[in-house]
Amino acid sequence: MPTEAASIAHTILTEQVIGVLRTVYDPELPVNIYDLGLVYDIQVEPQSGKVHIRMTLTAPGCPVAQTFPGTVECSVRELPEVNEACVELVWDPPWDRTRMSEAARLTLGMLDAGDLPRPDTTSVASVAGALRNRDSNDLESTRSDWVNVAAQDDLPDGGVSVVDVNGTEVAVFNIGGHYYAIEDVCTHDGGTLAEGEVEEFEIECPRHGARFDLRTGRVTAPPAYEAVTTFPVRIHDNRVQVREARDDSIRTNKPP
Ligand code: FES
């Protein structure tokens, strides 16, 4: 049975270790590892000065997986009360975004997708696609070809279809009769987004839970940090079509 003094010492050292962990930042995200929820367990022994930490990273493919535990150990050993620090890297349970503190969510600007306008009832192109297309009166362009995705009837509301567009896997979604296309590769660690769950205009990567706005490709939840590419979509002759617009050369007819 620990004495009250021993219990207080245990609490103080635990808090000190947490304080240090809050100064160590995730290799990929601008949030410390404690608030990001990467730390699963902290065991301290105030008398011997031993600390044992179980933690994970946002993805097993993280390039610093080999070296990061050592970085954390060095930081914890900086505490005068600590004689020995050991960091155990684990992958079970896998990290997901529900482990983040509110402070972490705030830092990462996890905004509600509802702050973006809904498309009008006649548009079939995503917001990003419409921006790329611009006004055809002002632009002269060399455009890539439209690629058939599916017959309109074969891509019902709530459906998704994946098509190869010039070597890029593109996932096309029908949401309430509006069509959105994104590259079918999560920018976090290559997960297949087409298999993710869609909630209103957001898709969740099935691998680690990053979320993207299908209308713009914007990240709405980590661990992804970069937007996913979007593509223009149209309905032509009752067929859903998508186009790889990134290589289009466009020049304006207006004088500079
Ligand atoms: S691959 Fe990690 S969140 Fe998508």
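Reader: Before I look at any detail, what is the mean pLDDT of the protein?

Author: Good place to start, since this is a predicted model, in which local features need pLDDT of at least 70, side-chain atom pairs count only at pLDDT 80 or more, and totals for chains, interfaces and linings use all residues. Residues are numbered from 1 along each chain as its sequence is written. pLDDT is the predictor's confidence in each residue, from 0 to 100. Here 78% of the residues reach 70 or more, and the mean is 79.

Reader: Over which residues does pLDDT stay under 50, with 53 contacts beyond four places in sequence?

Author: Two residues are in contact if their C-beta atoms, placed from the backbone, lie within 7 Å. Residues 248-256 stay under 50 in pLDDT, with 15 such contacts beyond four places in sequence. Where pLDDT is low, the predicted coordinates should not be read in detail. The stretch with 53 contacts is residues 111-142.

Reader: Which strands stand at the edges of the open sheet with the order 1-2-3?

Author: Helices (H or I, at least four residues) and strands (E, at least two) are DSSP runs, numbered from the N terminus, and two strands pair if DSSP finds at least two bridges between them. This open sheet has 3 strands and mixed pairing. Each edge strand has a single partner, so one side of it is left without a neighbour in the sheet; these are strand 1 (39-45) and strand 3 (84-89).

Reader: And what is the bridge partner of V51 in strand 3?

Author: Strand 2, residues 50-55, runs parallel to strand 3, and 6 bridges pair them. Across that pairing, V51 has as its partner A85.

Reader: At about what angle does helix 2 run to strand 3?

Author: Axes are lines fitted to C-alpha atoms, for helices over the stretch in contact, and angles run from 0 to 180 degrees between N-to-C directions. Helix 1 (residues 4-21) lies across strand 1 and strand 2, at about 135 degrees to strand 1. Helix 2 (residues 68-77) lies across strand 2 and strand 3, and its angle to strand 3 is about 150 degrees.

Reader: Are the residues of strand 8 buried or exposed?

Author: A residue is buried if 20 or more other C-beta atoms lie within 10 Å of its own, exposed if 12 or fewer, and partly exposed in between, with C-beta atoms placed from the backbone. On one side of strand 8 sit H178, Y180 and I182, on the other Y179, A181 and E183, and both faces are covered. For strand 8 (residues 178-183), 6 of 6 residues are buried.

Reader: Which residue takes a positive phi in the hairpin of strand 7 and strand 8?

Author: Strand 7 (residues 168-175) and strand 8 run antiparallel, joined by 6 bridges, and N174 stands opposite Y179. The hairpin has 2 residues between the strands, and the positive phi, near 60 degrees, belongs to G176.

Reader: In strand 13, what stands opposite I182?

Author: Strand 8 is also joined to strand 13 (residues 230-231), antiparallel, by 2 bridges. The residue opposite I182 is T230.

Reader: Finally, what is the bridge partner of I235 in strand 15?

Author: Strand 15 belongs to an open, antiparallel sheet of 3 strands in the order 5-15-14. Strand 14 is joined to strand 15 (residues 239-243) by 4 bridges. In their hairpin, D237 takes a positive phi near 50 degrees. The partner of I235 is V240.
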